[in-house]
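Morning, everyone. Please have the model open on your screens. I'll take strands, then pockets, then one glycine.

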Amino acid sequence: MDDLTVVFDIGNTTITTGIFKNGKLIKIWRIESDLKYDENSLYQKFKSQFLKNGLDVKKIEGVIVGSVVPFLKKIIIAMCEKFLKIKPFVLNSKTKLNFKNKYKSKTTLGEDRIANVAAAEFYFKNENKVIIDLGTAITFDFINKKGEFLGGAIMPGKNLIAKALNQNTARLPYIRGGYFSAALGRTTKECILNGITADIIGSIRYLINKVQKKFKLKNIKIILTGGDADKNLLKVLRIKNCKIQGDLTLNGFKIIYDLNKKI
């Protein structure tokens with residue numbers, strides 16, 4: 001069977017498209033989350049990527065849309081209905097999940113966070129786990145071994161911190177770069193990267209420690225995902241039982257889709 005399922009994960013910085021064939025993620029591409037798109041221009045980009053990757057849009061049997069940008073979500077839904085003749089699957093209050101959602105303000109819970117938790121529970125069932133998604137914002141989510149999602153934290157991502165320093169000071173430049181591992185920066189660029197790294201690493205360690213103390217946990221699995229999760233982060237983080245799972249969000253949306261498709 002050659003039917004394809006498409007996941008659109010719409011973030012603040014990029015729209016990530018994941019193509020699944022027979023349940024397996026076979027292609028990923030990303031484009032900028034540009035608010036100037038309409039359904040026509042977006043479809044042209046989407047179709048050109050399909051052709052470039054040797055895929056046929058006529059083989060698409062299902063579409064899942066997850067978004068933290070409401071305007072682009074509407075555009076992609078309109079694109080799918082107009083050009084693909086498919087009504088996409090979107091999360092709502094009736095969506096069946098593979099975990100118990102104990103979050104208090106469910107209507108404001110990001111769809112990407114829901115997908116991350118669903119994937120973590122699917123791959124690491126019966127374990128206490130923290131999912132840290134490092135993107136424009138950094139989200140920190142905890143789900144216990146009973147499959148209960150209890151909440152987490154949200155903070156600025158690496159580039160947001162860098163922009164805040166640049167935009168709110170007179171002389172500090174906007175610096176983009178990797179994680180800084182030395183104890184001290186010896187140039188302004190190194191000092192900024194050192195401070196940003198310390199901010200992120202310190203916050204992650206602090207939050208993990210709080211969760212472990214609150215729930216009296218000796219072992220907890222740490223799952224890193226998102227565009228700013230890389231091997232350099234693992235080196236400076238130095239936390240046991242920690243791994244990078246880059247496609248967690250896309251797989252989470254597909255897991256939720258499959259779960260709801262059966263009912």
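Start with the hairpin: three residues link β1 to β2. This is a predicted model, where local features need pLDDT of at least 70, side-chain atom pairs count only at pLDDT 80 or more, and totals for chains, interfaces and linings use all residues. Numbering starts from 1 along each chain as its sequence is written, and side-chain values use heavy atoms, with hydrogens and water left out.

Helices and strands here are DSSP runs, H or I of at least four residues for a helix and E of at least two for a strand, numbered from the N terminus. Two strands pair if DSSP finds at least two bridges between them. β1 covers residues 4–10. Its hairpin partner β2, residues 14–21, runs antiparallel to β1, with seven bridges joining them. On the other pairing, β1 and β4 (residues 60–67) are parallel, again over seven bridges. Take valine 6 as a marker. Its bridge partner in β2 is isoleucine 19. In β4, valine 6 is bridged to valine 63.

How covered is β1? Seven of its seven residues are buried, meaning under 20% relative accessible area; exposed is over 50%, and partly exposed is in between, with a 1.4 Å probe and protein chains only. In a regular strand, side chains alternate between the two faces of the sheet. For β1, one side carries Leu4, Val6, Phe8 and Ile10. The other carries Thr5, Val7 and Asp9. Both faces are covered.

Now the spaces. The search uses a 1 Å grid over the protein atoms alone. A cavity is a set of points where a 1.4 Å probe fits but cannot get out; a pocket is an open set with protein on both sides within 12 Å along at least five of seven lines; lining residues have an atom within 4 Å of a point. Points are joined across faces, edges and corners, and volume is the space filled by probe spheres set on them.

The largest pocket holds about 1,300 Å³. It has 47 lining residues, and Asp9, Gly11, Val68, Asp112 and Asp133 lie nearest its centre. Elements giving two or more residues to that lining include β1, β2 and α3 (111–123). By class, the lining has twelve nonpolar, 23 polar and twelve charged residues. For the classes, Ala, Val, Leu, Ile, Met, Phe, Trp, Tyr, Cys and Pro are nonpolar, Asp, Glu, Lys and Arg are charged, and the others, Gly among them, are polar.

The second largest pocket is about 200 Å³. Which element gives the most to its lining? That is α5, with five residues. Lining residues include Leu207, Lys210, Val211, Lys214 and Phe215. The class split is seven nonpolar, two polar and two charged.

Cavities next. The whole structure has one of 30 Å³ or more. The largest cavity has about 80 Å³ of space. Phe8 is among its lining residues, along with Trp29 and Lys45. Helix α1 supplies the largest share, four residues. The lining divides into seven nonpolar, two polar and one charged.

Last, the glycine. Glycine 195 sits in helix α5, residues 188–215. Why is glycine 195 classed as partly exposed? Because its relative accessibility is 39%. Its C-alpha lies 44 Å from that of glycine 54, with their positions 141 residues apart along the chain.

That's my slot. Over to you.
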